[in-house]
Amino acid sequence: MSATPLTARIPGSKSITNRALLLAAAASGTSTLRAPLVSDDTVAFRDALTALGVRVSEHGTSWEITGAGRGPTAGARVWCADAGTAARFLPPFAATGRGTYVFDGSEQLRARPLRPLADALSALGAKVSTEGAGGLPLRVEADGLRGGELAVDGRLSSQFLSGLLMAAPLLADPLTVTVRDLVSRPYIDMTLALMRRFGARVDEDAPGVIATAGGGYTAAHLVIEPDASTASYFFAAAAVTGRTVTVPGLGRDSLQGDLGFVETLRRAGARVEIGADSTTVTGTGPLRGGFEVDMGTISDTFMTLAAIAPLADSPITIRGIGHARLKESDRIAAVAGNLAACGVVTQTGRDWLTVYPGAGTGAGTGAVRPARIACHRDHRIAMAFSVLGLRAPGRLTLDDPACVGKTFPGFHAELTRLFPQEVLT
């Protein structure tokens with residue numbers, strides 16, 4: 001096999017794209033997003049903004065968003081499709097305006113909880129109702145939101161807090177949010193950094209106490225960096241194949257906490273170089289196991305590690321990931337079930353997973369038996385197990401390969417381009 005270094009073409013960050021779309025819609029003037037992610041989730045978010053009366057236009061590889069410097073005023077029915085960020089970010093934005101708004105989405109999205117967000121909006125003065133156990137459809141009767149003091153439970157999802165924070169500068173009065181038990185803290189750091197990029201005044205006066213002032217947002221021009229969560233699959237592929245993979249545009253100043261995944265690969269024996277504007281991972285041999293890692297702050301990448309853990313020389317335990325049970329699928333159960341189908345032994349608890357390599361027979365391609373991977377319409381399950389498939393050629397297939405379109409429609413083509421010898425299809 002050639003040792004020629006490989007350069008992965010990773011599309012823009014979903015998390016940055018959708019946050020920037022909302023902030024641009026809330027700003028006064030026209031903002032430009034260069035190299036935004038174009039995927040099912042971001043297009044759903046963009047179309048939802050259009051339904052709210054925001055003008056979004058495409059110009060080559062850039063999007064222009066014209067904001068009114070306030071929330072919407074005409075009322076609308078808004079379809080969120082599968083996009084959790086749309087269901088969590090857009091209701092607070094709508095609540096700062098005027099009119100009646102009904103948010104709905106796919107059956108998969110309807111199953112995801114919204115009660116903490118609905119309760120927070122009600123506490124700020126909105127009239128909010130949800131269906132069943134507190135999910136979509138969600139109805140907001142908007143007449144502006146008041147500021148003041150708000151307590152938020154951060155155990156289920158950081159997206160609730162991000163949505164509330166991004167709406168806060170549109171309130172007439174300052175808002176101070178106190179959050180407890182926050183999961184995925186790096187996503188809040190990203191939210192705060194982008195809010196400041198669009199001119200908001202926001203400070204964290206003490207850990208978990210975030211104060212925002214009024215004054216709204218101003219238009220900005222932003223280059224969207226590559227998606228660190230998506231990059232994790234290609235970094236992991238380098239680690240398990242002994243190749244070198246570089247992702248340009250993703251360096252030490254990245255806004256994305258999920259770049260921290262490469263430090264887990266370093267613990268597993270890979271060589272990692274994080275530069276000013278790129279990150280490179282090189283596989284150095286069999287993966288090293290025998291460690292525990294808390295991935296609560298980077299839980300979107302825990303599946304990447306779990307999927308390659310059967311190739312390690314000893315067990316790996318991943319902790320702090322209980323909130324991943326409330327994502328597109330119960331991700332702990334989905335990973336454990338698929339590994340079991342591959343003949344790999346696991347143990348799970350409420351917020352942890354242990355993977356035993358090769359069902360106790362040792363690491364290597366012989367550790368994985370043929371299986372059809374149940375994707376559960378979850379893009380991250382499909383992409384993570386595609387990496388394991390590189391070391392189990394012809395043994396794994398996906399029941400829903402197209403589900404990767406949620407965040408990276410070209411994933412399979414890019415994996416094939418970089419690793420043409422053995423790919424999962």
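In which helix does Glu414 lie? In this predicted model, Glu414 belongs to helix 13, which covers residues 411–418. Glu414 counts as buried because its relative accessibility is 5%, under the 20% limit. Its surroundings are worth a closer look. Once neighbours within four places in sequence are set aside, Glu414 is in contact with Thr7, Ala8, Arg9, Phe234 and Phe408. A related pair joins distant parts of the sequence: Glu414 and Ile10 are separated by 404 residues along the sequence, yet their C-alpha atoms are 8.7 Å apart in space.

The N-terminal stretch also takes part in strand pairing. Strand 1 (residues 6–7) runs parallel to strand 15 (residues 244–248), and 2 bridges link them. Within this pairing, Leu6 is found opposite Val245 of strand 15. Strand 15 has a further partner in strand 17 (residues 278–282), to which 5 bridges connect it in the antiparallel sense. Here Pro248 faces Ser278 of strand 17 as its opposite residue. Strand 15 is mostly covered, with 4 of its 5 residues buried.

A second group of strands lies further along the chain. Strand 18 (residues 291–294) and strand 19 (residues 316–319) are parallel and share 4 bridges, with Phe291 placed opposite Ile316 of strand 19. Helix 10 (residues 302–308) completes a β-α-β unit with strand 18 and strand 19, and this unit is right-handed. Strand 19 also pairs with strand 21 (residues 352–356), this time antiparallel and again over 4 bridges. In that pairing, Ile318 has Leu353 of strand 21 as its bridge partner.

Thr212 offers another example of a covered residue. Thr212 sits in strand 12 (residues 209–212) and counts as buried because only 4% relative accessibility remains, under the 20% limit. Apart from neighbours within four places in sequence, the contacts of Thr212 are Leu165, Ala168, Pro174, Leu175, Met195, Arg201 and Val202.

Attention now turns to the empty space inside the model. A search of the whole structure returns 3 cavities of 30 Å³ or more. The largest cavity holds about 230 Å³ of space. Its lining comprises 23 residues, and those closest to its centre are Lys14, Gln159, Tyr187, Asp300 and Lys327. Helix 1 (14–26), helix 3 (84–95), helix 6 (158–167) and helix 12 (379–389) each contribute at least two residues to this lining. By class, the lining of the largest cavity contains 11 charged, 9 polar and 3 nonpolar residues.

The second largest cavity holds about 70 Å³. Among the residues that line it are Ser13, Ser15, Met190, Asp227, Gln256 and Arg380. Tyr187 and Asp300 also belong to the lining of the second largest cavity, and both are listed with the residues closest to the centre of the largest cavity. The lining of the second largest cavity divides into 5 polar, 4 charged and 2 nonpolar residues.

Open space is found as well. The largest pocket contains about 270 Å³. Of its 16 lining residues, Arg155, Val183, Gly320, Gly322 and His323 are the closest to its centre. The lining of the largest pocket is made up of 6 polar, 5 charged and 5 nonpolar residues.

Terms used: Residues are numbered from 1 along each chain as its sequence is written. This is a predicted model: local features need pLDDT of at least 70, side-chain atom pairs count only at pLDDT 80 or more; totals for chains, interfaces and linings use all residues. Side-chain values use heavy atoms; hydrogens and water are left out. Two strands pair if DSSP finds at least two bridges between them. A crossover is right-handed if, with the strands pointing away from the viewer, the path from the first strand over the helix to the second runs clockwise. Buried means under 20% relative accessible area, exposed over 50%, partly exposed in between (1.4 Å probe, protein chains only). Contact means heavy atoms within 4.5 Å. On a 1 Å grid over the protein atoms alone, a cavity is a set of points where a 1.4 Å probe fits but cannot get out, and a pocket is an open set with protein on both sides within 12 Å along at least five of seven lines; lining residues have an atom within 4 Å of a point. Grid points are joined across faces, edges and corners, and a volume is the space filled by probe spheres set on the points. Ala, Val, Leu, Ile, Met, Phe, Trp, Tyr, Cys and Pro count as nonpolar, Asp, Glu, Lys and Arg as charged, and the others, Gly among them, as polar.
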